[in-house]
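Here are my notes for you on this structure, written so you can follow along with the picture open. Take the points one at a time and find each residue as you go.

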Amino acid sequence: MSDINLAVLLARESIRLDEKAADKKAAIEACGRALVEAGVVEEAYVPAMLEREKSISTHIGEGVAIPHATLAGKEAVLRDGLCFLRFPEGVDWDGSTVTICIGIAAQGDGHVDVLAQLAQILMVPEQAEALRNAADPDTVLRMLTPSPANEGE
């Protein structure tokens, strides 16, 4: 397993816990805007995120989607980074309800390690639920920071 620290890729200001979106397109665009505002990607990354969603859903279960771009979007990535957007009212994602979108931008193959680490955290229903209910950005950062005490659970 990689030693990428997800919390290092996620700026506190890129954690937004009270977002609203009419549909998954709007939710993906909100993730893209958050990544642009964080200085992680250029505007051209956002359409590449929407294109990725057309080819394969980024919904991974447990109310979580991980929008990211197609290979064509890589040119618009300035540095690796994440955003964490919670939609308390939920967003219809092809018949499933998504409440958390974790937008990913990575140069090279960095997204593979990031996706693997996110999957490890989010496949545990209790951890996914705790993230959905996080009251503040610090809680989100703490949950995404590996800790020796949590390993092997």
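The points below start with one helix, move to its partner, and then visit some single residues.

1. First, a word on what you're looking at: this is a predicted model. Keep that in mind while you read the distances and angles below.

2. Let's begin with helix α2, which covers residues 24-37. It has 14 residues, and from its first C-alpha to its last it reaches 20 Å. That is close to the 20 Å expected at 1.5 Å a residue.

3. Now look at both ends of α2. At the start, a side-chain oxygen of D23 comes to within 3.3 Å of the backbone nitrogen of K25. After the helix you'll find G39, and its phi is positive, near 75°.

4. Which residues of α2 are buried? The list is K24, A27, I28, A30, C31, G32, A34 and L35. Try colouring them and looking down the helix. An α-helix has 3.6 residues a turn, so residues three or four places apart point the same way. As for what lies over these buried residues, the cover includes strands β1 (10-16), β4 (81-93) and β5 (96-105), along with helix α3 (45-55).

5. The partner helix, α3, has its own buried set: Y45, V46, A48, M49, L50 and E53. Among the elements covering them are α2, β4 and β5. So α2 shows up in the cover of α3, and α3 shows up in the cover of α2.

6. How do the two helices sit against each other? Two packed helices are described by the angle between their axes and the distance between the axes. Here α2 and α3 pack at about 145°, and their axes are 9 Å apart. The crossing of α2 past α3 is right-handed.

7. Zoom in on that contact. From α2 come K24, K25, I28, E29, C31, G32, R33, L35 and V36, and they meet Y45, V46, M49, L50 and E53 of α3. Sorted by type, the residues of this contact are eight nonpolar, one polar and five charged.

8. M49 deserves its own stop. This residue of helix α3 has a relative accessible area of 1%; buried means under 20%, so M49 counts as buried. Setting aside residues up to four places away in sequence, M49 touches I28, C31, G32, L35, P67, H68 and A69. For a distance to try yourself, take M49 and E13: they are 36 residues apart along the chain, and their C-alpha atoms are separated by 21 Å.

9. Next, is G103 buried or exposed? G103 is in strand β5, and it is buried, with a relative accessible area of 0%. It touches C31, L35, P67, G81, L82 and C83, again not counting residues up to four places away in sequence. Two of those names, C31 and L35, belong to the buried residues of α2. G103 and H68 are 35 residues apart in sequence, and from C-alpha to C-alpha they are 5.9 Å apart in space.

10. Here are two residues with a backbone feature to check. E62 has a positive phi of about 55°, although it is not a glycine. You'll find E62 in the loop between β2 (59-61) and β3 (64-65), and it counts as partly exposed at 35% relative accessibility. D94 also has a positive phi of about 55° without being a glycine. D94 is in the loop between β4 and β5, and with a relative accessible area of 55% it is exposed.

11. Finally, go to the later part of the chain. D136 is in the loop between α5 (125-132) and α6 (137-143), and at 29% relative accessibility it counts as partly exposed. What does the side chain of D136 reach? It reaches the backbone nitrogen of D138, at 3.0 Å. D136 and R12 are 124 residues apart in sequence, yet 9.8 Å apart in space, C-alpha to C-alpha.

12. One last residue: T139, in helix α6. At 18% relative accessibility, T139 counts as buried, because the cut-off is under 20%. T139 and L17 are 122 residues apart along the chain, and their C-alpha atoms are separated by 11 Å.

Note on methods: Residues are numbered from 1 along each chain as its sequence is written. This is a predicted model: local features need pLDDT of at least 70, side-chain atom pairs count only at pLDDT 80 or more; totals for chains, interfaces and linings use all residues. Side-chain values use heavy atoms; hydrogens and water are left out. Helices (H or I, at least four residues) and strands (E, at least two) are DSSP runs, numbered from the N terminus. The expected span of a helix is 1.5 Å times one less than its number of residues. Buried means under 20% relative accessible area, exposed over 50%, partly exposed in between (1.4 Å probe, protein chains only). Contact means heavy atoms within 4.5 Å. A polar contact is a pair of N or O atoms within 3.5 Å; within protein, one must be able to donate a hydrogen and the other to accept it, and residues adjacent in sequence count only if both atoms are side-chain atoms. Axes are lines fitted to C-alpha atoms, for helices over the stretch in contact, and angles run from 0 to 180 degrees between N-to-C directions. A crossing is left-handed if the near helix is turned anticlockwise from the far one by less than a right angle, and right-handed if clockwise. Ala, Val, Leu, Ile, Met, Phe, Trp, Tyr, Cys and Pro count as nonpolar, Asp, Glu, Lys and Arg as charged, and the others, Gly among them, as polar.
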